[in-house]
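Reader: I would like a close look at a single part of this model, the site around the ligand. Please keep to what the coordinates show.

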Amino acid sequence: MSFDARHLLGIEYLRPDAIRTLLDLADRYVDLNRSPQKHSTALAGLTQINMFFEASTRTQASFEIAGKRLGADVMNMAMQASSLKKGETLIDTALTLNAMHPDLLVVRHPHSGAVNLLAEKVNCAVLNAGDGRHEHPTQALLDALTIRRKKGRLHRLTVAICGDIAHSRVARSNILLLGKMENRLRLIGPPTLMPASIEEFGVEVYDDMREGLQGADVVMMLRLQKERMDGGFIPSEREYYHRWGLDAEKLSQAKPDAIVMHPGPMNRGVEIDGTIADDINRSVIQEQVEMGVAVRMAAMDLLARNLRAARESEGDAKGVII
Ligand code: NCD
């Protein structure tokens, strides 16, 4: 199998064939999710713990549904109420949970790198559900699945990623994934929200929306991440919408069959016009949510297979049955 990872920490660590394997399996889970029965036993007997140290609606719900559909015992830790409030470190919390023998740990954390650190301390599979501005691999994978199904391919497409690139882990993971699959990438946004030396990633950078959107196959909008800003990155929300908000007029620069994406949650009237977001002929925002469940099922299924194989060979080596 070409997916041999132990954890899913970032797109950075995945080869193109591993990405394809995961998306192919996710396609099969889309069919299962659309069937009346919706269940499989891929994770039967396994325990999945969701630890979200940052607010989340769709990602947490999506991981929970994905685990339940595959037959795992799923537990959501209410991190605000946990011992962290009493001063316990991330690592101590992880070690405590580890002692309960989880098999899959899904973690979201406000600090970049926190999930990688945690993965070094536990002996189960860890999935990054977003760490600071670093990575959000399942979001990029669900975006890739949405694009592949809508456009019929995941290479040689012109993809415009627009808005608050600097604070966005979604942008970072998407740049890595779409770059690995050989697409043409354009980043559009105010210079204050563009990371330094971003051109080194092989992307084109624009601050003019109309120019950057020309001929795009995919228009990916990002939320203005106000919680990660400590100063005046934009003149005002009104001015931001005027220059970088997606409306029908700016979208008319893209290809006539261009799709519009947004990871959610959306600020309507700030980065995107509500009518475009709701236009079922252009917007694939609801499909992205649907693909999210299938991609997370595929990711957990593949990691669980690798985990079981690793435990079997460890057991063989020790001469014990686990
Ligand atoms: C994104 C996130 O949390 O990084 N949302 C999500 O996972 N659906 C993007 C965002 O918060 O803007």
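How far does a polar side-chain atom of Thr59 lie from an oxygen atom of the ligand?

Author: The model is predicted, and the distances below are computed from it. In the case of Thr59, a polar side-chain atom lies 3.0 Å from an oxygen atom of the ligand. Arg108 also places a polar side-chain atom by a ligand oxygen, at 3.1 Å. For Gln225, the corresponding distance from a polar side-chain atom to an oxygen of the ligand is 2.8 Å. On its own the ligand has 320 Å² of accessible area, and the protein covers 94% of that. The place it occupies is the largest pocket.

The shell around the ligand includes Thr59, Arg108 and Gln225, together with Arg58, His136, Gln139, Arg169, Val170, Arg223, Pro263, Gly264 and Pro265. Sorted by class, these residues are three nonpolar, five polar and four charged. Two helices, α2 (58–69) and α6 (169–180), each supply at least two residues of this shell.

Two members of the shell, Gly264 and Pro265, deserve a separate remark on the backbone. The peptide bond that joins Gly264 and Pro265 is cis, with omega at about -10 degrees. Pro265 belongs to the loop between β9 (259–261) and α10 (274–278).

Another backbone detail concerns Lys38, which is not a glycine but has a positive phi, near 60 degrees. Lys38 is found in the loop between α1 and β1 (47–52).

Helix α1 also enters the account of charged pairs. The structure holds 18 salt bridges, one of which pairs Arg148 with Asp24. In that pair the closest N and O atoms are 2.9 Å apart. Asp24 lies in helix α1 (residues 16–34) and Arg148 in helix α5 (residues 137–151), so this salt bridge ties together parts that are 124 residues apart in sequence.

To return to the ligand: its oxygen atoms have polar side-chain atoms of Thr59 at 3.0 Å, of Arg108 at 3.1 Å and of Gln225 at 2.8 Å.

Notes. Residues numbered from 1 in each chain as written. Predicted model: local features only at pLDDT ≥ 70, side-chain atom pairs only at ≥ 80, totals over all residues. Heavy atoms only, no water. Near = heavy atom within 4 Å. Polar contact = N/O pair within 3.5 Å; in protein donor to acceptor, adjacent residues only side chain to side chain. Areas by Shrake-Rupley, 256 points an atom, 1.4 Å probe, with all protein chains shown as cover. 1 Å grid on protein atoms, 1.4 Å probe; cavity = no way out; pocket = protein on both sides within 12 Å on 5 of 7 lines; lining within 4 Å. Sits in = over half its atoms within 2 Å of the grid points. Helix = DSSP H or I, 4+ residues; strand = E, 2+ residues; numbered from the N terminus. Nonpolar A, V, L, I, M, F, W, Y, C, P; charged D, E, K, R; others polar. Salt bridge = Lys/Arg side-chain N within 4 Å of Asp/Glu carboxyl O.
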